[in-house]
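Work through the exercises below with the sequence and the 3D view side by side, and try each task before you read its solution.

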Amino acid sequence: MGTFDFANLVEALALGVALAMDAMAVTLSNSLCEPDMSRGKKLAMPIMFALFQMAMPIAGFFGGTLVAPLIEAYAGIVSLVILAFVGGKMIVEAEGELREPEECPTTRLSYPTIFFEAIATSIDAFIVGVSLAASGANIALYGGAIGVMTFICCVAMLLVGRKLGAHFGPRAEIAGGIVLIIIGLRAFLS
């Protein structure tokens, strides 16, 4: 299950913020497209996003544990490749959004839509969980930190939504992608 130290906590929190960027962008977009959203929907977003962001790396960790002995010798390079891929994908998608911003949907946000958004924004976290298994990380620490940071970041988006402007979401994804790549480089170099 890995060890606990301050450096692991800082890395877990940074990873949590990086993985929360998609959920933050979706929360911001939803709140901008539906400014009169009910309190229930506003609360559902950070809760669902946080639960999925916490569960997916744990699922990836235990799924990755099955193949970890095969890749243990290559943990650094595996972590770098996975995190660089996920981070790069986030950066490319965000760059596309900056060039061609998405329009607001004509239908109102529903709870099933929030549920599917939570799944979609947490798929990257599953892949990161596989990487964490390869490095022998403390999954309880990382999963908890990812969930907590996602919740905090999404609540922050709800509180300051309109003040941040429509272009913050893609820029946040770029920052998140860069953080993931840096964490992958750290794993590779250690």
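A helix, as the word is used here, is a DSSP run of type H or I with at least four residues, and helices are numbered from the N terminus. Please keep in mind that the model is predicted.

**Exercise 1.** Describe the secondary structure of the protein and the pattern it follows along the sequence.

*Solution.* Begin by counting the elements, which gives seven helices and zero strands. Then read along the sequence, where the pattern is α-α-α-α-α-α-α.

**Exercise 2.** Find which residues form the nonpolar patch on the surface, and state which element gives the largest share of this patch.

*Solution.* First, locate Leu43, Ile47, Leu51, Met54, Val148, Phe151 and Ile152, which form the patch and together have about 570 Å² of accessible area. Next, assign them to elements: those that give two or more residues to the patch are helix H2 (39-65) and helix H6 (139-164). Finally, the largest share, four residues, comes from H2.

**Exercise 3.** Place Ile47 in its element, and decide whether Ile47 is buried, partly exposed or exposed.

*Solution.* Ile47 lies in helix H2. The relative accessible area of Ile47 is 36%; since buried means under 20% and exposed means over 50%, Ile47 is therefore partly exposed.

**Exercise 4.** Characterise the protein as a whole by its buried residues, its exposed area and its contacts.

*Solution.* Of the 190 residues in the protein, 44% are buried. The protein exposes about 9,600 Å², and carbon and sulfur atoms supply 71% of that area. Turning to contacts with a separation of 6 or more, residues 24 or more positions apart account for 94% of them.

Notes: Residues are numbered from 1 along each chain as its sequence is written. This is a predicted model: local features need pLDDT of at least 70, side-chain atom pairs count only at pLDDT 80 or more; totals for chains, interfaces and linings use all residues. Side-chain values use heavy atoms; hydrogens and water are left out. Buried means under 20% relative accessible area, exposed over 50%, partly exposed in between (1.4 Å probe, protein chains only). Contact means heavy atoms within 4.5 Å. Accessible areas come from the Shrake-Rupley method with a 1.4 Å probe; for residues, only the protein chains shown count as cover. Patches are made of residues with over 30% relative accessible area and no salt bridge: like charges are joined within 9 Å, nonpolar side chains (Val, Leu, Ile, Met, Phe, Trp, Tyr) within 5 Å. A salt bridge is a side-chain nitrogen of Lys or Arg within 4 Å of a carboxyl oxygen of Asp or Glu.
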